Amino acid sequence: MELFHQTVSMKSVGNLNEFVRNHMLEPVDASERVKGIVAHFEDLTKAHDAVRRARDQLDALRPLVSTSDKYDAALARRNMHERHRDAVRLFFAELRIRLLTEEIAANEAQRAAQAGEGAETKQALLVAGQEREKLIADRSSAGGDRVSHLEAEAQTARSQASDRKQRRDGFDPRVQTAGLDPVTDAEGFAALTVRLEQSRAGLETRQAGLTDELAECSGQRAQLRRQGEETRAELTSLAGRTSNLPSSQLVVRAQLCQELGLDESDLPFAGELLDVADEFAEWRGAAERVLRGFALSLLVPQRHYSRVARWVNENRLTYRRNDGRVTGSRLVYERVAARRVPLRSTGATGALLLAGTLDIADGPFQDYLRDELVRRADYRCVESVEQFRDEHRAVTREGQVRSGDRHEKDDRSRVDDPRGWVLGWLNERKVEALTEQLLEQQQQLLASEQRFDALQVESGKLAAKLTALANLEVYTSWSELDWHDAVARAEAAEAERQRLADGSSALAEIERRLAENAEQTAALQDKLTELTGDVRVLEERIKRAEELRQADQRLVGSPPTATAASARASYSELEVLLGSNLPTESGRCAPAAESLTTELQATIDRIGRELGGYTQSMLQYMSEVRRRWPEATTEMDADIDARGEFRAFHDRVATDDLPRFENEFKRQLNTNTIRELAQFNNWLRRQSDEIHSRVARINEALGAIDYSPGRYITLVAERTINQEVQNFRSDLRTATDDTLTPDDDQYSEQRFLEVQRIIDRFRGRDGHADADKAWTRRVTDVRNWFTFSASERDRETNQEWEHYRDSDGKSGGQKEKLAYTILAASLAYQFGLEWGAEKSKDFRFAVIDEAFGRGSDGSTRYALELFAKLGLQLLIVTPLQKVHVIEPYVHAIGFVDNPTGSFSRLQTLTIEEFRQRREGRPA
């Protein structure tokens, strides 16, 4: 059979599509081209994966960098406000120095003016005194000795009245300050002594009680301040990490790791690697109580055990408290063996154990912690006390723990209080609870300070009363206080003097002038007293201002030059913050400084909470980046100080990796895959065009055959309706559309996905490899792009007489006739024959094996006529009953028989010899 170009079964001619595709059109193998496309797409996929990876990294790093920018901005604002706060004291010291200097100069100028006016007043008093002496002498010469005596007596009485009035003015306020009834006569003064002793005893008793209360309140204030500082320090520590462990434990670990040259991640606390799952949040309090001791245990791998044990033994474990004191610390550590036998839980099947409520962080300690939880947290989580009594080891939501006959419930803190939590890698709830605690502590501190101030005020008043009582003891008699009696005596002497003066005109004139002199002297004396007081006040102001200025000058001169320069750089911002509240008097500096410091500290605290939020977000972002791309973040830690490294990672991806990967992806997409697909598509189109050409040449051959009188057959090639082929051609066209435009940017994620869908089927999808392989052969065989039919047409009008999709539904003769016609056209196409060629030098051999055995004589003659016109060399194998039909078309006959059944015989006769033998004539 290998001698023949192809073998055709007459039965296959009945299906036009299959016959034309398989026997009239040459198959084209596209497998090598498909393999090349798939191979190049593997490189493109790697390039695309690199782009996607870089984009995913950017998507993950972008919020981290954004939060880092916010963190840096907030940190800069906090540092700025801290600089402003630290500069407040120096700013107000220098401001007050300037204001005090101005006030001292103004007071000194005013003091000089007052002193000059006082000197002038003293001179006027001296002149007035000399004039009075002269008038007194004149009065004595005019007989005024009794008048002088009365005047002296009145003067003495007035002096006594002034002294007694002065003493009385000191006595009455002291009585009032001591809380006693006013004394107005000698009888009341006598009863005062008894009341003084009684009041003193009661006040001294209250003073002793106040002293105790002040001491207690002072201790409470100090304790609240210390607690507040501890809470604030804990919040500051929590802002820089995600765990819930106490900072004192972390300080000890940091010292240990620093001195041993270890990373803190090498020695984690158990609590850093354990957390209660969200769906079991109601059991967190119980887990905290059961596992608190274990959570505070340091996990030491076997390879570090000897060094850690030696360091712990040789060093006193301490940490520095917020008040600066160094105190001892406690450390529990667990040796983690390199190998261990896994433990199996002995709990009831289906029962919720406390160990089942916990998540374990991935890492080298995961198996160890799982085993430890089997041993330490195998408590049944029970809903009721009845279940609690029935279990050997159980725990309730309220925090009661049972282990055999031992029961424990520790309510020194609430079971749902996050402030004491030590488990977990997220500390938002603990930060929130500690923030509320800090606010409560500040409120308690404010109340304690207010109570302390009130007690101090009361103590001051009590001390004033005791002082007043002590001062009242200096008054021994009522007469030294009764200034009304002295005033009465002075008025009596003055009245008598006035009567005597009225009886003499000379004395009256002298008395008048003495009265004027007395008024002038009194006015001058009052003025001098006022000026002297003003000078003393000014001197006191100057002295106090100088003392304050010296203190401020010492403060200004104490800080280093760099510190002072840094503080002065903030002066302009401080002035802006003060605005109209900038003090213009030295006395207003202290309140303004306190108010500004409080305001700045409040802003610093608020920014600190803001930084804590940013820290939590960044640590989560960092952990996620390290989890997804560990190979790229080996040298990076999930630590706030590593944000610069993550920013550099982001910048490298954004400015280097991603553009480079995108360029490589675009190059491979355009240069290799899509261009190769376009070339493949063009190649398939050329194959399609070749089929049209071949069908046209076949139709030329068919046009030379009279299928029926005046009619011929022509093959019609139409686009197939097969959806797989149509979809493939559409997808291929979409994927390669405009790909050969040199200036067009071919990079498109959508374009890649379109190409990928095609390549995935070329390559064979998981679970569909055989189906995809068949699909590839089917859609890349261009012969399957067409559906073939036959059209019987009129030669003159070219109108269609009948259309044949296949030979189904036709009579036997019609089927044979159509089959022979198409077969003849196929032979003409395959051999390139011309109709009516009687002689040919080429080999046109065809074997017909029993093809005419069952056909009608007419169809057989039709076929032989067609073959004769083609000039074929025929070898016809047929039964004897068809010899009379084929006889006119052959030159020789080979007769084969097997009379005995054991062997066959072949006898060759020319057609003439055959006819002679058939007619009974000798050859």
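A salt bridge is a side-chain nitrogen of Lys or Arg within 4 Å of a carboxyl oxygen of Asp or Glu. By this criterion, a search of the whole structure finds 39 salt bridges. The model is predicted, so local features need pLDDT of at least 70 and side-chain atom pairs count only at pLDDT 80 or more, whereas totals for chains, interfaces and linings use all residues. Residues are numbered from 1 along each chain as its sequence is written, and side-chain values use heavy atoms, with hydrogens and water left out.

**View 1. Salt bridge between Arg78 and Glu82 within helix α2.** The closest N and O atoms of Arg78 and Glu82 are 3.9 Å apart. The two residues are four apart in helix α2 (residues 31-141), and therefore separated by about one helical turn. Helices (H or I, at least four residues) and strands (E, at least two) are DSSP runs, numbered from the N terminus. Arg78 is partly exposed at a relative accessible area of 23%, and Glu82 is partly exposed, also with a value of 23%. Here buried means under 20% relative accessible area, exposed over 50%, and partly exposed in between (1.4 Å probe, protein chains only).

**View 2. Salt bridge between Arg451 and Glu213.** The closest N and O atoms of this pair are 3.7 Å apart. The salt bridge links distant parts of the chain, with Arg451 in helix α11 (residues 428-472) and Glu213 in helix α4 (residues 186-239), 238 residues apart. Arg451 has 35% relative accessibility and counts as partly exposed. Glu213 is partly exposed as well, with a relative accessible area of 24%.

**View 3. Salt bridge between Glu334 and Arg376.** The side chains meet at 3.0 Å, N to O. Glu334 lies in strand β5 (residues 332-336) and Arg376 in helix α9 (residues 366-376), so the pair ties together parts that are 42 residues apart in sequence. Arg376 counts as partly exposed at 23% relative accessibility.

**View 4. Salt-bridge network of four residues.** Asp69, Asp72, Arg643 and Arg647 are linked in this network. Side chains of opposite charge can pair when their charged atoms come close.

**View 5. Open sheet of strands β7, β8, β9 and β10.** The four strands follow the order β7-β8-β9-β10, and the pairing is mixed. Two strands pair if DSSP finds at least two bridges between them. β7 (380-382) and β10 (406-408) stand at the edges with a single partner strand each, so one side of each is left without a neighbour in the sheet. The twist averages 20° from one strand to the next, where axes are lines fitted to C-alpha atoms, for helices over the stretch in contact, and angles run from 0 to 180 degrees between N-to-C directions. Strands β8 (residues 393-396) and β9 (residues 401-403) run antiparallel and are joined by three bridges. Val395 has Val401 as its bridge partner in β9.

**View 6. Surroundings of Thr396 in strand β8.** Thr396 is buried, with a relative accessible area of 6%. Leaving aside neighbours within four places in sequence, Thr396 is in contact (heavy atoms within 4.5 Å) with Trp283, Ala286, Val382 and Phe388.

**View 7. Strand β14 and its pairing with β15.** Along β14 (residues 845-849) the side chains alternate: Ala846 and Ile848 point to one face and are buried, while Phe845, Val847 and Asp849 point to the other and are not. β14 pairs with β15 (residues 873-877) in the parallel sense over five bridges. Ile876 in β15 is the bridge partner of Ile848.

**View 8. Two nonpolar cores.** A nonpolar core is a set of buried Ala, Val, Leu, Ile, Met, Phe, Trp, Tyr and Cys residues joined through side-chain atoms within 4.5 Å. The largest has 61 residues, and those with the most contacts inside it are Phe680, Leu684, Phe728, Phe762 and Phe867. Helix α17 (residues 643-703) supplies the largest share of this core, nine residues. A second, separate core of 46 residues includes Leu273, Trp283, Leu317 and Val336.

**View 9. Loop residue Asn798.** Asn798 is in the loop between β12 (786-794) and β13 (800-804). Its phi is near 60°, a positive value in a residue other than glycine. Asn798 counts as partly exposed, at 40% relative accessibility.

**View 10. Cysteines Cys257 and Cys381.** Cys257 is buried at a relative accessible area of 2%, and Cys381 counts as buried at 7%. A search of the whole structure finds zero disulfides (a pair of cysteine sulfur atoms within 2.5 Å).
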